[in-house]
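These are my notebook entries on one protein model. I set down what I looked up, entry by entry.

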Amino acid sequence: MNPKLVVLAGPRCGETISIEASTTIGRDTTSQLCIPDHLISRRHCAVELSEGRCTLRDLGSSNGTYVNGMPVRERRLAHGDRIRAGDSVLLFLNAGAEADAELAPARAAGLDDRTQIIAPIEAPGAAPAQRREASARAEGSSRPLDTPEAIVAEVLSGRMTLQAHDMVGDSTAMRAVYDFISKVAPRDSTVLICGETGTGKELAARAVHQNSARALRPFVAVNCAALTESLLESELIGHEKGSFTGAVGLKKGKFEVADGGTIFLDEVGELAPAMQAKLLRALQHHEFERVGGTRPIRVDVRVIAATNQDLPAAVAAGRFRQDLWYRLNVVGLTMPPLRARRADIPMLAAHFVAKYRRGRAVELSPDAVEALRSYDWPGNVRELENAIERAVVLGGGDKIVADDLPAPVLESSAARPRDGAAYHQTVLDVKRRLILDAIERSGGNYTAAARLLGINPTYLHRLVNNLNLRDTTAPHS
């Protein structure tokens with residue numbers, strides 16, 4: 001028997017495809033597996049069979065191909081690997097693979113270190129509509145799920161559920177986050193996620209939603225700090241026609257839109273006192289009145305809130321209602337800052353390189369990885385992503401080196417006490433002197449200075465920016 005692909009989620013959920021010499025996947029009707037999904041390229045990826053082994057190759061897709069949650073360009077597949085293209089999830093089954101009864105369900109689900117096994121939660125028949133990937137358990141069954149028919153039957157019956165999250169990391173701190181999500185997601189408890197800016201609070205909230213019984217219902221995110229008090233009230237609870245100037249029609253609020261699903265209140269500490277009172281009522285009684293309305297509206301919504309503020313201090317200062325704090329903080333999660341999970345930095349950096357390289361063969365050099373790990377990242381994962389995007393866009397070669405990184409990262413790398421710190425500082429000082437000398441000798445002409453240094457003018461501009469030399473130089477044409 002040939003290896004097979006089982007479609008676990010997406011437009012062709014439930015189908016099984018036998019892999020021939022080369023099985024292409026894409027929107028093009030000539031593809032062996034044609035998937036009508038705008039997130040999938042016309043020729044997205046291909047699985048090639050040779051000498052009994054299968055290799056997955058990305059064909060230059062615009063949105064990337066993922067195996068077990070990680071972006072890949074080319075990878076040899078193993079039994080149970082989970083492939084994602086657009087909104088479709090495909091399970092690779094090798095006909096020659098042998099899996100024991102105890103581990104087969106986990107292997108069949110394509111579990112990696114970022115996925116959790118949780119209890120089945122969906123109603124029978126719900127699976128075809130799912131657009132989620134990857135953690136699964138068959139209830140009350142220890143038999144191996146190593147055939148396409150068995151897996152599809154479990155999925156379509158509702159005994160196997162598919163969930164996902166998009167967080168990256170394998171550190172102890174992140175494993176604790178994944179464990180929290182696996183325990184909290186199946187419940188309906190209100191969740192408060194704390195943490196510094198850029199730590200991934202919204203990703204964690206989405207993971208709780210995606211791994212819950214509400215996953216097929218809306219996930220509605222509201223940034224409480226981005227709207228004025230009057231706009232926020234209308235945004236959250238809606239308004240009736242004619243309730244104020246400009247209210248030309250009835251508008252449903254985010255709570256109504258999220259009915260049956262989850263509402264995510266980001267920066268909840270920014271809520272004005274009046275909105276805090278209305279949110280408290282919605283949490284206590286699951287009802288509210290639209291602006292200008294007289295009829296209470298009942299909703300079934302799970303609330304997940306997030307903040308980078310110290311809410312207990314805000315309560316003590318009288319800026320935040322104590323009763324609302326108690327209602328929100330039923331179960332709490334604190335997202336770890338990136339400096340507390342340095343072991344994840346190389347994995348995160350590689351993830352962002354793959355995200356932004358747009359088909360180019362770009363990789364991180366060892367000195368760049370070392371510099372990234374030495375920096376404290378006050379902006380956390382968001383700052384790291386920006387730094388990698390900048391390096392990929394501005395870098396001219398196929399390898400990101402330390403000089404491609406922002407100046408604060410380089411300076412931190414040189415200043416951090418460690419073996420070789422003096423060497424790195426000396427190298428930076430020599431670079432600065434050489435560049436300033438060449439620019440001075442060329443009368444401020446960067447093209448001439450680059451010629452003296454034997455480097456490309458574009459690279460010289462990048463070095464000047466990275467080494468904070470712009471204010472000390474006056475470039476001419």
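Which helix gives the most to the lining of the second largest cavity? I looked this up first, and I found that α7 does, with 4 residues.

**Entry on the model.** I note that the structure is a predicted model. I looked up the confidence and found a mean pLDDT of 77 for the protein, with 78% of its residues at 70 or more. By element, the lowest confidence belongs to helix α1 (residues 104–108), with a mean of 35, and the highest to strand β12 (residues 191–194), at 96. I marked residues 97–148, where the pLDDT is below 50; the model nevertheless has 142 contacts for this stretch beyond near neighbours in sequence. I also marked residues 155–164, where pLDDT stays under 50. For that stretch I recorded 51 contacts beyond four places in sequence.

**Entry on the whole protein.** I recorded 16 helices and 20 strands. Of the 477 residues, 50% are buried. I then looked at contacts between residues at least 6 apart in sequence, and 63% of these join residues at least 24 apart.

**Entry on the cavity.** I returned to the empty space inside the model. Rolling a probe the size of a water molecule over the atoms shows where empty space is left. The search of the whole structure gave 2 cavities of 30 Å³ or more. The second largest holds about 40 Å³ of space. I listed its lining as Leu236, Ile237, Phe255, Met275, Lys278, Leu279, Ala282 and Phe288. By type, the lining has 7 nonpolar residues, no polar ones and 1 charged. Both α5 (229–237) and α7 (273–285) supply at least two residues of this lining.

**Entry on Phe255.** I chose one lining residue to follow further. Phe255 belongs to helix α6 (residues 254–257). Is Phe255 buried or exposed? I count Phe255 as buried, because its relative accessibility is 5% and the cut-off for buried is under 20%. Leaving aside neighbours within four places in sequence, I found Phe255 in contact with Leu236, Ile263, Leu279, Ala282, Phe288, Val299, Val301 and Val303. I also checked Glu235, which is 20 residues from Phe255 along the chain; their C-alpha atoms are separated by 8.8 Å.

**Entry on β12.** I next examined the strand with the highest confidence. Val191 and Ile193 point one way from β12, while Leu192 and Cys194 point the other way. I noted that all four are buried. Which strands does β12 pair with? I found a parallel pairing with strand β17 (residues 302–307) over 4 bridges, and another parallel pairing, also of 4 bridges, with strand β18 (residues 331–334). Leu192 has Ala305 as its bridge partner in β17, and Leu192 stands opposite Gly332 in β18.

**Entry on an open sheet.** I traced an open sheet of 5 strands in the order β4-β3-β5-β6-β9, and its pairing is mixed. The edges are β4 (33–34) and β9 (74–76); each has a single partner strand, so one side of each is left without a neighbour in the sheet. Within this sheet I looked at strand β5 (residues 45–50) and strand β6 (residues 53–58), which run antiparallel and are joined by 6 bridges. The bridge partner of Leu49 in β6 is Cys54.

Note on methods: Residues numbered from 1 in each chain as written. Predicted model: local features only at pLDDT ≥ 70, side-chain atom pairs only at ≥ 80, totals over all residues. Heavy atoms only, no water. pLDDT = per-residue confidence, 0-100. Contact = heavy atoms within 4.5 Å. Buried < 20%, exposed > 50% of the residue type's maximum accessible area, 1.4 Å probe, protein only. Pairing = 2+ DSSP bridges. 1 Å grid on protein atoms, 1.4 Å probe; cavity = no way out; pocket = protein on both sides within 12 Å on 5 of 7 lines; lining within 4 Å. Points joined across faces, edges and corners; volume = space filled by probe spheres on them. Nonpolar A, V, L, I, M, F, W, Y, C, P; charged D, E, K, R; others polar.
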